[in-house]
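Please look over the structure below before reading on. The briefing is meant to be read beside it.

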Amino acid sequence: MARSSLREFQERLARRLAEAAGAERRGLLGFQCGDHHWLIELAEAGEILPPPPLSAVPLTRPWFRGLANVRGSLYGVVDFAAFNGQPPISAAGRARLLLIGARHGIHSALLVSSSSGLRSHEDFEPAPADDAPPWVARRLRDMQGREWLQLDPARLLAQPTFLDAGLE
């Protein structure tokens with residue numbers, strides 16, 4: 001009987017290790033924002049959730065959508081498409097909030113068009129780099145030829161333009 005339990009334990013352990021290895025390969029979260037497909041490292045992604053009601057903040061830039069209460073903590077919400085010069089995103093339907101700043105000590109969230117799920121590093125190849133904003137870590141191309149931009153949240157959060165949401 002002990003031998004049977006040991007075998008079952010080993011089988012469960014092997015299955016869990018295989019699942020964990022599969023999860024590590026899917027180390028990127030994909031999301032869409034305006035016309036662009038974006039990626040972020042899972043370790044940097046924080047949490048992604050449907051947008052709660054947003055409280056407007058007067059005298060802020062058009063891309064600063066307001067404050068969101070997420071489980072008792074207030075997050076400044078930036079419309080990531082509008083911040084990047086594209087039309088604003090409606091905070092309804094498939095839109096999501098990507099909480100990117102908590103890991104860096106900043107309660108900041110990006111309003112994005114939709115989440116496109118987990119991706120693997122192996123699904124992409126480097127794409128030619130051109131004049132990208134500093135928060136783009138690199139450009140990639142998937143197997144279907146679509147271009148993706150990989151977000152570097154630390155660089156985004158360090159941008160003076162990102163942190164200066166107030167009107168002058």
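The points below go from the whole fold to single residues.

This is a predicted model. The protein has five helices and twelve strands. Two open sheets of six strands are described here, one running β9-β1-β2-β12-β11-β10 and the other β3-β7-β8-β6-β5-β4.

**Overall figures**

- The protein has 168 residues, and 36% of them count as buried.
- The accessible surface is about 9,700 Å². Carbon and sulfur atoms account for 54% of that surface.
- Take the contacts between residues at least 6 apart in sequence: 55% of them join residues at least 24 apart.

**The sheet from β9 to β10**

- Pairing in this sheet of six strands is mixed.
- Its edge strands are β9 (114–119) and β10 (124–126), and each pairs on one side only.
- From one strand to the next, the twist averages 35 degrees.
- Strands β11 (residues 136–142) and β12 (residues 147–151) run antiparallel and are joined by five bridges.
- V136 has L151 in β12 as its bridge partner.

**The sheet from β3 to β4**

- Here too the sheet is open and the pairing is mixed.
- β3 (47–49) and β4 (54–55) stand at the edges. Each has a single partner strand, so one side of each has no neighbour in the sheet.
- The partner of β3 is strand β7 (residues 96–99), and the two pair in the antiparallel sense over three bridges. Within this pairing, E47 is matched with L99 in β7.
- β7 also pairs with β8 in the antiparallel sense, over four bridges. R96 stands opposite V112 in β8.
- On the other hand, strand β6 (residues 73–79) and β8 pair in the parallel sense, again with four bridges. D79 has L111 in β8 as its bridge partner.

**Strand β8: covered on both faces**

- Strand β8 spans residues 108–112, and five of its five residues are buried.
- In a regular strand, side chains alternate between the two faces of the sheet.
- On one side of β8 lie S108, L110 and V112; on the other lie A109 and L111. Both faces are covered.

**Nonpolar cores**

- In soluble globular proteins, nonpolar side chains tend to be buried together.
- The largest nonpolar core holds 36 residues. F31, W38, F80, L110, L151 and L156 touch the most other members.
- Another core, of five residues, lies apart from it. Its members include L39, F124, L140 and W148.
- Two residues of the core list recur in the sheets: L110 is on one face of β8, and L151 is the bridge partner of V136.

**Aromatic pairs**

- A search of the whole structure finds six aromatic pairs.
- One of them joins F31 and W38, which are stacked. The ring centres are 6.3 Å apart, with 10 degrees between the planes.
- Are F31 and W38 buried or exposed? Both are buried.
- W63, F83, W135 and F162 form one aromatic cluster.

**Q159: a buried loop residue**

- Where does Q159 lie? Q159 is in the loop between α4 (153–158) and α5 (160–163).
- Why does Q159 count as buried? Its relative accessible area is 17%, and buried means under 20%.
- Leaving out residues up to four places away in sequence, Q159 touches P134 and W135. W135 is also one of the residues in the aromatic cluster.

Methods:
Residues are numbered from 1 along each chain as its sequence is written. This is a predicted model: local features need pLDDT of at least 70, side-chain atom pairs count only at pLDDT 80 or more; totals for chains, interfaces and linings use all residues. Side-chain values use heavy atoms; hydrogens and water are left out. Two strands pair if DSSP finds at least two bridges between them. Axes are lines fitted to C-alpha atoms, for helices over the stretch in contact, and angles run from 0 to 180 degrees between N-to-C directions. Rings of Phe, Tyr and Trp (its six-membered ring) pair if their centres lie within 6.5 Å; planes under 30 degrees apart count as stacked, over 60 as edge-to-face and the rest as tilted. Buried means under 20% relative accessible area, exposed over 50%, partly exposed in between (1.4 Å probe, protein chains only). A nonpolar core is a set of buried Ala, Val, Leu, Ile, Met, Phe, Trp, Tyr and Cys residues joined through side-chain atoms within 4.5 Å. Contact means heavy atoms within 4.5 Å. Accessible areas come from the Shrake-Rupley method with a 1.4 Å probe; for residues, only the protein chains shown count as cover.
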